[in-house]
Amino acid sequence: MRLSDRSALPAAVIRPGYARERVKPRMAHIGFGAFHRAHQAMYADRLASEHGSDWGYCEISMQHGWQKIADLQQQDLLFSVAEMDDDGWRGRVIGVVRQALHLQTDGLAAVLAALTQPEIAIVSLTISEKGYCHHPASGRLMAEHPAIAHDIAHPAQPESAPGLLLAALRLRRERGLPPFAVMSCDNMPANGRVTRQVLVELAQRQDPALADWVRQEVAFPSTMVDRIVPAMTQEARGQLHAWLGGAEDEVGVACEPFSQWVIEDRFPQGRPAWEKAGAELVSDVLPYEEMKLRMLNGSHSFLAYLGYLAGYQHVGDCMQDADFVRAARHLMLAEQAPTLQVPNVDLVQYADSLLQRYRNRALKHRTAQIAMDGTQKLPQRLLDAIRWHLARGSRFDCLALGVAGWMRYVGGRDEQGAPIAISDPLRERLAALVAGSEEGRPRVLALLQLDSVFGHDLPDSPDFVNAVSHAYHQLLSLGAKAAVAALPLTDREVSDDHHHA
């Protein structure tokens with residue numbers, strides 16, 4: 001039996017405690033993925049359940065995900081979110097989705113009609129870093145991206161997410177409707193600024209008058225989002241099915257209990273009272289974003305590449321290795337924390353809470369999942385902090401080993417010689433650089449040619465090149481497990497003045 005408005009569910013599962021027809025699609029969301037379902041949609045549902053909010057969602061998927069939208073439509077636009085830890089499962093059925101569309105199956109006209117509904121005040125995005133079609137090292141528009149090149153030539157027939165947003169904003173402007181605020185919920189520093197940069201640059205190439213209007217009228221609030229949402233497995237699906245009392249939910253997700261959302265409060269057409277559901281509304285998100293990107297995401301990437309190479313399938317497996325735990329904590333506190341300027345946060349406590357979350361054995365968070373799209377993630381997770389250390393002449397052994405771990409990983413073979421399935425928007429370029437270089441330092445130098453990742457400053461820095469080459473040599477000669485154990489960490493614990501950086 002499919003999950004529906006009529007499903008009889010166990011008493012422990014929280015159901016929408018509000019009249020769903022009262023909830024209106026006042027927000028549209030592009031990228032109906034697992035993270036959005038477990039994070040932003042859950043906040044909206046709690047507001048509707050506990051505070052009478054009428055802010056609901058129109059969900060839009062572009063490339064992938066047509067099956068999820070079809071499943072959602074068959075389930076009366078309902079899905080479940082289960083929070084899991086060692087004590088079991090808790091959670092709720094989300095009822096705040098009021099419309100759901102897929103660009104391919106429903107067509108562009110229907111999607112643009114949804115985005116130009118007068119009551120749409122906010123369009124949020126979870127399209128992953130690569131969906132912004134930008135150069136991660138500079139934040140500028142990737143004009144040579146095939147979808148962007150198409151959208152410059154055919155503004156009314158967009159293929160990219162930035163192109164779709166602009167097409168909808170253009171129509172709203174023509175119809176005298178106020179623009180919606182554009183809210184990125186992806187893991188990029190100053191994600192609002194990046195989104196604005198990309199949209200303004202694209203608009204400039206399509207219609208300079210539109211670019212001026214976007215600059216002056218459209219708000220791009222930045223956000224920091226945090227919740228670990230592993231990809232669903234067959235095992236997790238079976239547990240979800242049992243938890244729902246036998247109801248089938250093809251759209252359901254399971255995640256950790258922890259959730260955090262820090263939002264820059266810039267919404268000219270209004271917003272939900274997110275703070276009532278636990279979100280933090282601030283004037284400047286960047287310090288929080290950098291803290292999360294460097295300490296959580298940076299340590300996640302470190303554990304993903306080196307853990308995968310060491311044969312650890314899940315982050316929880318890495319946490320059973322004392323050397324990996326020690327290295328991850330050192331990375332966070334001795335190499336990432338000093339680079340941060342975040343007010344009123346105890347960074348030692350934050351680091352220890354992250355390690356505690358990683359130990360959640362119920363979360364089967366695959367290292368291979370975190371390892372995806374590394375060319376989009378390295379700049380903000382590892383390289384920005386490395387630049388800080390290079391400017392000050394301080395050591396960054398863990399960060400260098402993390403970068404070397406990525407280089408070893410994209411070589412496409414693990415330590416046993418088995419192939420690694422590389423998932424990255426620059427996969428062909430990576431494969432060519434690997435194929436055209438010998439193993440060792442030549443491989444490091446070849447991969448440093450990726451200026452969209454490393455810029456021009458890092459390849460020109462002997463200290464950086466030598467540190468990464470040394471770390472890469474350690475991986476080749478010792479293997480990942482022993483290279484992590486051999487990191488020189490003992491002499492440098494975080495100093496007291498960085499507890500409250």
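**Entry 1: overall fold**

I began with the contacts along the protein chain: of those with a separation of 6 or more, 78% are between residues 24 or more positions apart. I note here that the structure is a predicted model. I then counted the secondary structure and found 22 helices and 12 strands in the protein chain.

Next I looked up the overall dimensions. The C-alpha trace spans about 60 × 55 × 45 Å along its principal axes. For 501 residues, a compact globule would have a radius of gyration near 23 Å, and the protein chain has 23 Å, so the two agree.

I also checked the surface. The protein chain exposes about 19200 Å², and carbon and sulfur atoms supply 50% of that area. Of the 501 residues, 58% are buried.

**Entry 2: annotated domains**

I turned to the UniProt record, an unreviewed entry. It lists "domain: Mannitol dehydrogenase N-terminal" for residues 26–276. In the model, I found this span to be 38% helix and 21% strand, with its end C-alpha atoms 18 Å apart.

The unreviewed entry also gives "domain: Mannitol dehydrogenase C-terminal", which covers residues 284–475. How much helix and strand does the chain have over residues 284–475? I read 65% helix and 0% strand, and the end C-alpha atoms are 39 Å apart.

**Entry 3: nonpolar cores**

I looked next at the buried nonpolar residues. In soluble globular proteins, nonpolar side chains tend to be buried together. The largest nonpolar core in this model has 92 residues. Those with the most contacts inside this core are Met295, Phe302, Tyr358, Trp406, Met407, Phe454 and Phe464. Which helix gives the largest share of this core? I found that helix α11, residues 286–309, supplies 10 residues, the largest share.

I chose Phe464 for a closer look and left aside its neighbours within four places in sequence. Phe464 is in contact with Leu383, Ile386, Leu390, Phe396, Leu448, Phe454 and Leu458. Phe454, one of these partners, is also listed among the residues with the most contacts inside the core.

I then recorded a second core, separate from the one above, with 43 residues. Among its members are Leu101, Leu112, Ile127 and Ala167.

**Entry 4: cysteines**

I searched for disulfides and found 0 in the structure. Why do Cys133 and Cys255 form no such bond? For Cys133, the closest cysteine sulfur is in Cys185, 18 Å away, which is too far for a bond. For Cys255, the closest cysteine sulfur is likewise in Cys185, at 15 Å, again too far for a bond. A disulfide requires the two sulfur atoms to be within 2.5 Å.

Are these two cysteines buried or exposed? Cys133 has a relative accessible area of 4%, so I entered it as buried. Cys255 has a relative accessible area of 0% and is buried.

**Entry 5: positive phi angles**

Finally, I noted two backbone angles. Cys133 is a residue other than glycine, yet its phi is positive, near 50°. I located Cys133 in the loop between β7 (122–125) and α6 (146–153).

Asp76, also other than glycine, has a positive phi near 55°. Where does Asp76 lie? I placed Asp76 in the loop between α3 (66–74) and β4 (79–85). Its relative accessibility is 25%, so Asp76 counts as partly exposed, whereas Cys133 is buried.

Technical notes: Residues numbered from 1 in each chain as written. Predicted model: local features only at pLDDT ≥ 70, side-chain atom pairs only at ≥ 80, totals over all residues. Heavy atoms only, no water. Core = buried A, V, L, I, M, F, W, Y, C linked by side-chain atoms within 4.5 Å. Buried < 20%, exposed > 50% of the residue type's maximum accessible area, 1.4 Å probe, protein only. Helix = DSSP H or I, 4+ residues; strand = E, 2+ residues; numbered from the N terminus. Contact = heavy atoms within 4.5 Å. UniProt positions renumbered as here; feature names shortened; annotations may be inferred. Rg over C-alpha atoms; globule rule 2.2 N^0.38 Å. Areas by Shrake-Rupley, 256 points an atom, 1.4 Å probe, with all protein chains shown as cover.
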